[in-house]
Amino acid sequence: MNEPPKRTSASKNQELIRAVWDEARDLVKRLEGSTVQRFSVEAGDTKIEIERRAGVVVADVGSGGGSGTTSAADGAGEAAVETGHPIQAPLVGTFYRAGQPGAAPFVNEGDTVDAGQTVGIVEAMKLMNQVQADVGGTVSKILAEDGQWVEFEQTLMLIEPAG
Amino acid sequence: MFEKVLIANRGEIALRVARACRELGIKSVAVYSTADAESAVVKFADEAVHIGPPAVGRSYLHIPSLIGAALKTGADALHPGYGFLSEDPYFAEICADEGITFIGPRPDVMEKVGDKATARQLMQAAGLPLLPGTVEPVNTIDEAHDIARDIGYPVIIKAVAGGGGRGMSVVTQEEDLPRLYQTTRATAQAVFKDSAVYMERYLETSRHTEIQLVCDAHGDGVYFGERDCSVQRRHQKLIEEAPSIHLTEETRKEVGEAAVRGALSVGYTGAGTMEFLLDLDGNLYFMEMNARIQVEHPVSELVTDTDLIQEQIRVAAGEKLSRTQDDVLPLKGHAIECRINAEDPDKDFAPTAGRLDTYVPPGGPWTRVDSHCYPGWMISPFYDSLIAKLIVWAPDRDKAIDRMIRALQEFEISGRGVKTTIPFHLRILDHPQFRSGDVTTDFVEHFMSEEAAAAAAAS
């Protein structure tokens with residue numbers, strides 16, 4: 001009478017991309033020395049195309065609604081994936097958008113941030129771990145709510161890199 | 001009984017614990033690092049939490065992430081498995097502070113038995129036999145000289161905080177003592193952050209014999225017989241069996257009762273193992289106590305008809321032991337376990353990480369495989385190299401060996417770059433000395449030099 005396994009995982013999509021990417025990397029290794037020049041790995045809405053040229057590996061990763069290499073994402077049930085650079089949780093804990101209760105959030109959607117700027121906090125056992133933007137740009141979407149429990153590498157917000 | 005148990009481990013033991021939980025009607029929560037996202041336990045458990053990157057320091061050893069995962073998922077208990085944080089009293093204490101039942105002994109008890117010098121004192125007081133030596137740490141070289149002269153060479157210097165075969169030196173003659181005393185202390189400080197050492201008589205040939213026990217919180221304890229783990233290489237066990245053919249019924253009862261008495265005398269609760277050396281005259285000497293479930297627990301399960309993990313969970317939940325001493329004795333038949341590791345025996349057992357293209361475990365009567373592997377699973381370089389524990393049972397030792405050989409031959413494992421210990425196990429099982437049961441802890445070393453000599457002669 002067990003329920004089907006439930007993942008409290010960040011994003012199915014992201015997992016899928018990672019799985020496909022792992023598979024692709026594995027294939028690249030196995031193809032070393034062969035004459036195969038181009039191949040693609042596909043699962044769901046995620047597709048990776050790899051073209052090998054004289055010692056150079058050019059990878060093009062596409063995900064539902066992303067670049068032209070993806071298969072048609074019909075968006076059934078799920079909205080198109082947000083674009084932008086993901087800012088991920090550095091560890092398991094509670095995500096806070098502000099330095100203390102009642103204070104103004106570190107960032108809001110639309111704000112411009114510099115690389116290295118603190119954009120949130122993940123608290124684990126009363127230790128406050130700052131989350132910093134690793135790129136500068138504009139906060140395009142905040143995905144995690146204040147006070148929400150997050151997993152390792154869960155995407156907290158997206159940043160549209162500057163320039 | 002618990003409602004939900006978080007399993008703070010990975011690999012086969014995490015799956016083993018999750019299976020026990022399901023049979024007990026308890027929900028299980030797996031935790032996983034990025035490298036283990038596709039692991040068997042993540043699929044099997046009722047929930048799974050991504051706790052960190054592959055490096056253990058930021059995942060399976062990272063206490064805040066484990067506690068965070070337990071609190072978030074509402075787990076009321078935590079099973080530490082073996083290795084990782086299973087014998088860390090600080091971790092057990094934090095679990096208690098957070099209202100999570102740690103499935104193991106109380107932190108203060110764990111600390112006492114984890115300190116080898118203290119454990120020796122306590123067990124001596126409880127009447128367990130010890131090798132001649134010290135129960136107090138040896139603090140100066142002068143003291144070391146006096147003690148060594150007293151107990152006679154060869155002596156062994158051991159780190160109080162040591163384990164896994166590290167932090168010990170054998171001294172065969174007096175002139176080596178100052179040097180080895182200093183280097184053992186320095187190693188102990190570097191590896192275990194505690195330079196304290198103790199000394200005892202060194203037995204050149206002995207058998208590794210250990211008693212499995214479980215104690216409940218109602219003052220009852222049961223010993224589940226012994227295991228012989230003499231087939232080991234550099235203190236890493238390769239083959240374990242139960243029972244030991246070198247213990248008489250009387251000795252088993254005597255030492256088993258003493259082990260339970262010793263454990264209860266320190267307020268021990270949960271599953272634990274007391275390690276002994278058995279000399280060639282049949283005398284047992286207490287070595288140390290392991291405050292956790294062990295890798296080789298299945299052989300004891302098969303000869304006692306007991307699910308030790310379920311028993312461990314039950315007593316942690318405050319229930320009484322479900323088995324009595326009379327239920328488990330006499331031990332039934334003979335069980336053997338081979339550890340199938342992703343290692344290359346021809347290259348000094350170097351780990352061989354890689355993806356498993358083929359993984360077909362053996363089946364058939366009285367054949368058990370505890371493993372987290374499946375075709376396509378990646379044996380990761382980040383963790384230990386255990387692929388599977390192959391365990392067989394038969395009415396007697398000879399038949400168990402035959403069955404193990406059959407099962408090993410059936411086991412198909414392959415992958416690019418992956419080598420396993422299966423061929424090595426087959427050669428050991430085929431060796432007349434192993435068949436006769438006359439195996440001491442130096443057997444593998446002799447066996448390997450014998451093979452090397454034969455190979456050299458043939459070339």
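# Notebook: cysteines, sheets and a helix pair

**Cysteines of chain B.** I began with Cys215(B): its relative accessibility is 0%, so Cys215(B) counts as buried, the cut-off being under 20%. The model I am reading is predicted. Next I searched the whole structure for disulfides and found 0 over all chains. Cys215(B) is accordingly in no disulfide, and the nearest cysteine sulfur belongs to Cys229(B), 19 Å away. A disulfide would need the two sulfur atoms within 2.5 Å. I then looked up Cys229(B), which is in no disulfide either; for this residue the nearest cysteine sulfur is that of Cys338(B), at 12 Å. Cys229(B) also counts as buried, because its relative accessibility is 0%.

**The sheet of 8 strands.** I wrote down the strand order in chain B as S13-S12-S9-S10-S11-S14-S21-S19, an open sheet with antiparallel pairing. Which strands are at its edges? They are S13 (284–290) and S19 (367–371) of chain B, each of which pairs on one side only. Ignoring direction, I get an average turn of 25° between neighbouring strands of this sheet.

**Strand S11 and its neighbours.** I went along S11(B), residues 236–242, and checked burial: 6 of its 7 residues are buried, so the strand is largely enclosed by the rest of the structure. On one pairing, S11(B) is joined to S10(B), residues 221–233, by 4 bridges, and the two run antiparallel. Within that pairing I noted Gln232(B), whose bridge partner in S11(B) is Lys237(B). S10(B) and S11(B) form a hairpin with 2 residues between the strands. There I found Arg234(B) with a positive phi near 45°.

S11(B) has another antiparallel pairing, with S14(B), residues 334–341, again through 4 bridges. Here Ile239(B) stands opposite Cys338(B) of S14(B). Cys338(B) had already come up in the cysteine search, as the holder of the sulfur nearest to that of Cys229(B).

I followed S14(B) on to S21(B), residues 386–394: 8 bridges join the two, and they run antiparallel. In this pairing I recorded Glu337(B) opposite Ile391(B) of S21(B).

**A helix on the sheet.** I looked for what lies across S9, S10 and S12 (270–278) of chain B, and found helix H11(B), residues 308–316. H11(B) runs at about 40° to S9(B).

**Ser206 in a loop.** Is Ser206(B) buried or exposed? Its relative accessible area is 2%, so Ser206(B) is buried. I place Ser206(B) in the loop from S8 (197–201) to S9 (207–215) of chain B. Leaving out residues up to four places away in sequence, I list its contacts as Leu277(B), Leu278(B), Thr440(B) and Thr441(B).

**Helices H5 and H6 of chain B.** Two packed helices are described by the angle and the distance between their axes. For H5(B), residues 107–114, and H6(B), residues 116–125, I have axes that come within 5 Å and cross at roughly 95°. H5(B) is therefore roughly perpendicular to H6(B), as the class covers 65 to 115 degrees. From H5(B) the contact takes Lys112(B), Val113(B) and Gly114(B); from H6(B) it takes Lys116(B), Thr118(B), Ala119(B) and Leu122(B). I sorted these contact residues into 3 nonpolar, 2 polar and 2 charged.

**Chain A.** I turned to the other chain and counted 1 helix and 12 strands in chain A. Where does the helix come in the order of elements? Read from the N terminus, the order is β-α-β-β-β-β-β-β-β-β-β-β-β, with the helix following one strand. Chain A has 163 residues, and 33% of them count as buried. Of its contacts between residues at least 6 apart in sequence, I find that 52% join residues at least 24 apart.

I also traced an open sheet of 4 strands in chain A, in the order S5-S12-S10-S7 and with antiparallel pairing. Its edge strands are S5 (85–88) and S7 (112–113) of chain A, each pairing on one side only. S7(A) is held to S10(A), residues 137–142, by 2 bridges, and the two run antiparallel. I noted Thr112(A) opposite Thr138(A) of S10(A).

Methods. Residues numbered from 1 in each chain as written. Chains lettered and ligands numbered in written order. Predicted model: local features only at pLDDT ≥ 70, side-chain atom pairs only at ≥ 80, totals over all residues. Heavy atoms only, no water. Buried < 20%, exposed > 50% of the residue type's maximum accessible area, 1.4 Å probe, protein only. Pairing = 2+ DSSP bridges. Axes fitted to C-alpha atoms, helices over the stretch in contact; angles between N-to-C directions. Parallel < 35°, antiparallel > 145°, perpendicular 65-115°, else oblique. Contact = heavy atoms within 4.5 Å. Nonpolar A, V, L, I, M, F, W, Y, C, P; charged D, E, K, R; others polar.
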